Amino acid sequence: MILKDNALKRLIATADEFVRADIARSKNTPLNILNELMLDESYNVRIEVADNKNSSIEILFNLILDENPGVREIAAMNLTTISQIGANLK
């Protein structure tokens, strides 16, 4: 897993926006990589992180505060966000 993480870190540091978005979209992307991609300069990458079902609630709460309204909307509509907010309301 460490090798995979290191390879992914190198890839997201050098890859173009479309490759980073594909990595952010993948259900197999580890949380630490999603955490890095959450800060990506491309809103398309951040949208994919916001839409990823494996994004942690901490990542999603950060993306709800994103400068891009599309990123904010998708992060707010992620099922993880909805279920966490619903659990806190009970």
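This is a short talk on the salt bridges, one helix pair and one surface patch in a predicted model.

I'll start with the charged pairs. The count of salt bridges in this model comes to 5. I'll go through three pairs, beginning with Lys9 and Glu36. Their side chains form a salt bridge, with an N to O distance of 3.8 Å. Lys9 sits in helix 1, residues 2-14, and Glu36 in helix 3, residues 31-37, so this pair links distant parts of the chain, 27 residues apart. On accessibility, Lys9 has a value of 34% and counts as partly exposed. Glu36, at 37%, also counts as partly exposed.

Next, Arg25. This residue is in helix 2, which covers residues 17-25. Its relative accessible area is 44%, so Arg25 is partly exposed. Which residue forms a salt bridge with Arg25 at 2.4 Å between the closest N and O atoms? That is Asp22. Asp22 and Arg25 both belong to helix 2, and they are 3 residues apart, about one turn of the helix. Asp22 is partly exposed as well, because its relative accessibility is 42%.

Arg25 has another partner. Its side chain meets that of Glu48 in a salt bridge, at 3.2 Å, N to O. Here the two residues come from separate helices: Glu48 from helix 4 and Arg25 from helix 2, so the pair ties together parts 23 residues apart in sequence. Through shared partners, the salt bridges join Asp22, Arg25 and Glu48 into one network.

Is Glu48 buried or exposed? Glu48 is buried: its relative accessibility is 17%, and the cut-off for buried is under 20%. So within this network we have a buried Glu48 and two partly exposed residues, Arg25 and Asp22.

Now the contacts around that bridge. If we set aside neighbours within four places in sequence, Glu48 is in contact with Ala21, Ala24 and Arg25. From the other side, again not counting residues up to four places away, Arg25 touches Glu48 and Asn52. One further distance for Arg25: its C-alpha is 9.0 Å from that of Ala50, with the two positions 25 residues apart in sequence numbering.

Ala50 brings me to the helix pair. Helix 4 runs over residues 43-51 and contains Glu48. Helix 6 covers residues 69-77, and Met77 is found in it. In general, two packed helices are described by the angle between their axes and the distance between the axes. For helix 4 and helix 6, the axes come within 8 Å and cross at roughly 10°. How are the two helices oriented to each other? They are roughly parallel, because angles under 35 degrees count as such.

As for the residues involved, helix 4 contributes Tyr43, Arg46, Ile47, Ala50 and Asp51. They meet Gly70, Val71, Ile74 and Ala75 of helix 6.

Last, the surface. Met77, in helix 6, has a relative accessibility of 56% and therefore counts as exposed. Which residues make a nonpolar surface patch with Met77? They are Leu79 and Ile82, and the patch has an area of about 340 Å².

To recap: a salt-bridge network joins Asp22, Arg25 and Glu48, helix 4 and helix 6 are roughly parallel, and Met77 takes part in a nonpolar surface patch. That's what I have.

Notes. Residues numbered from 1 in each chain as written. Predicted model: local features only at pLDDT ≥ 70, side-chain atom pairs only at ≥ 80, totals over all residues. Heavy atoms only, no water. Helix = DSSP H or I, 4+ residues; strand = E, 2+ residues; numbered from the N terminus. Buried < 20%, exposed > 50% of the residue type's maximum accessible area, 1.4 Å probe, protein only. Contact = heavy atoms within 4.5 Å. Patch = residues over 30% accessible without salt bridge, like charges linked within 9 Å, V, L, I, M, F, W, Y side chains within 5 Å. Areas by Shrake-Rupley, 256 points an atom, 1.4 Å probe, with all protein chains shown as cover. Salt bridge = Lys/Arg side-chain N within 4 Å of Asp/Glu carboxyl O. Axes fitted to C-alpha atoms, helices over the stretch in contact; angles between N-to-C directions. Parallel < 35°, antiparallel > 145°, perpendicular 65-115°, else oblique.
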